[in-house]
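Trainee: I'd like to learn how to read a structure like this one. Can we walk through it feature by feature?

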Amino acid sequence: MITGTIIRTLIICGMLLYAVGVPLSAAPVAVGTCMSAQEMRAVKSGRILTRVYLKHNGAGNVKQATGYFSIPATPYTAGIRGWEMLAEEKAYIPASPDMLQLYNSLLGYSSYAGMHYYSVTDRAMKPFIREAYTIASPGSVRRVRDSRAVSITPSRNGYFRIRDNRLGWLTFKGELFYRNGVFIAKNYSVTPVTRYGVTISRKGEYRMITFLFPDGPGGYYLYSVHALRIRSEVMLKSGFLNSQSFANRIRACTVHTAKLLGKNWNGKIVAAR
């Protein structure tokens, strides 16, 4: 009787965890899940592969039109299907950082502040993330210090706020996972995304996920995806959102990640003009 109750409780708890995006399985994800052998050779030669789908305005490799594409099926990307915007980037970062230092850098949400990206509209570098800071809980607006771990653990959670140059103030939950040498940083909105009084997406419908796959002492393969539900046809057709902008936004994040690994990739910050 007690055993049956415990089992039912564990099953219910597992379902709830899955519902809020915490993977039930701790199984690691292999780099081959996120990029082909040909793509691995391409990025290791120095190329950065970028593609964007935006309903009514998609661009593949940023320049040519493409239809909707599927992202790799993993416990960390579950639930992203049929969304109106997908941006995907693949790269190789030749670096061998201190592991704990990298882990803490990925937890340093305040470091997003001051990020820039290339604005196609203005044809110039512009602020991307104007402000960013860690908060203690999703309903708070008070700044707290970034988390500092003394050791690497399989998972760690936190909350942070950013002031996006286009989308305004956004609150995210950050989840950092470490599986067999692979870092997975998953950030997703915990409040709706609105602009000019229009709801663009609901809670949990703006996600930014980055995988860092170790390549021995040589560096890391990076796979990153940004996904956004856009529930307003008005926003989709207004020109306020465009695929080139999303390409440059995900590129700015890749450049930021390279910086965390000790590399200056400012010369690679433009994905689309």
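Trainee: Which strands does helix H3 lie across?

Mentor: Keep in mind that this is a predicted model. To place a helix on a sheet, look for the strands it crosses and the angle it makes with one of them. Here helix H3 (residues 37-44) lies across S1, S2 and strand S12 (220-228), and runs at about 60° to S2.

Trainee: What is the strand order of the open sheet?

Mentor: For a sheet, read the order across the strands, then look for the edges. This open sheet has 8 strands in the order S1-S2-S12-S11-S8-S7-S6-S5, with antiparallel pairing. The edge strands are S1 (49-54) and S5 (129-135), each pairing on one side only. On average, neighbouring strands of this sheet are turned by 15° against each other, direction ignored. At the S1 end, S1 and S2 (residues 85-93) pair antiparallel over 6 bridges, and arginine 51 stands opposite glutamate 88 in S2.

Trainee: How many residues lie between the strands in the hairpin of S3 and S4?

Mentor: With hairpins, check the pairing and then the turn. S3 (residues 116-119) and S4 (residues 124-127) run antiparallel, joined by 4 bridges. Serine 119 has alanine 124 as its bridge partner in S4. There are 4 residues between the strands, and arginine 123 takes a positive phi near 55°.

Trainee: Is aspartate 164 buried or exposed?

Mentor: For a charged residue, compare accessibility with the polar partners. Aspartate 164 counts as buried because its relative accessibility is 3%, under the 20% cut-off. Aspartate 164 sits in strand S6 (residues 155-164). Its side chain makes a polar contact of 2.4 Å with the side chain of arginine 249. A polar atom of the aspartate 164 side chain also lies 2.9 Å from the backbone nitrogen of leucine 167. Among the residues that aspartate 164 touches are Phe128 and Leu170.

Trainee: How many aromatic pairs does a search of the whole structure find?

Mentor: For rings, take the centre distance and the plane angle together. The search finds 17 pairs. Tyrosine 117 and phenylalanine 128 form a tilted one, 5.6 Å centre to centre with 50° between the planes. Tyrosine 117 lies in S3 and phenylalanine 128 in the loop between S4 and S5, so the pair ties together parts 11 residues apart in sequence. Tyrosine 117 is buried at 4%, and phenylalanine 128 is buried at 3%.

Trainee: Which residue lies over the face of tryptophan 265?

Mentor: Lysine 268 does, at 4.2 Å from the ring centre. Likewise, arginine 273 lies over the face of tyrosine 118, at 5.0 Å from the ring centre.

Note on methods
Residues are numbered from 1 along each chain as its sequence is written. This is a predicted model: local features need pLDDT of at least 70, side-chain atom pairs count only at pLDDT 80 or more; totals for chains, interfaces and linings use all residues. Side-chain values use heavy atoms; hydrogens and water are left out. Two strands pair if DSSP finds at least two bridges between them. Helices (H or I, at least four residues) and strands (E, at least two) are DSSP runs, numbered from the N terminus. Buried means under 20% relative accessible area, exposed over 50%, partly exposed in between (1.4 Å probe, protein chains only). A polar contact is a pair of N or O atoms within 3.5 Å; within protein, one must be able to donate a hydrogen and the other to accept it, and residues adjacent in sequence count only if both atoms are side-chain atoms. Contact means heavy atoms within 4.5 Å. Axes are lines fitted to C-alpha atoms, for helices over the stretch in contact, and angles run from 0 to 180 degrees between N-to-C directions. Rings of Phe, Tyr and Trp (its six-membered ring) pair if their centres lie within 6.5 Å; planes under 30 degrees apart count as stacked, over 60 as edge-to-face and the rest as tilted. A charge sits over a ring if NZ of Lys or CZ of Arg is within 6 Å of the ring centre and within 35 degrees of the ring normal. Lists of a residue's contacts leave out its neighbours within four places in sequence.
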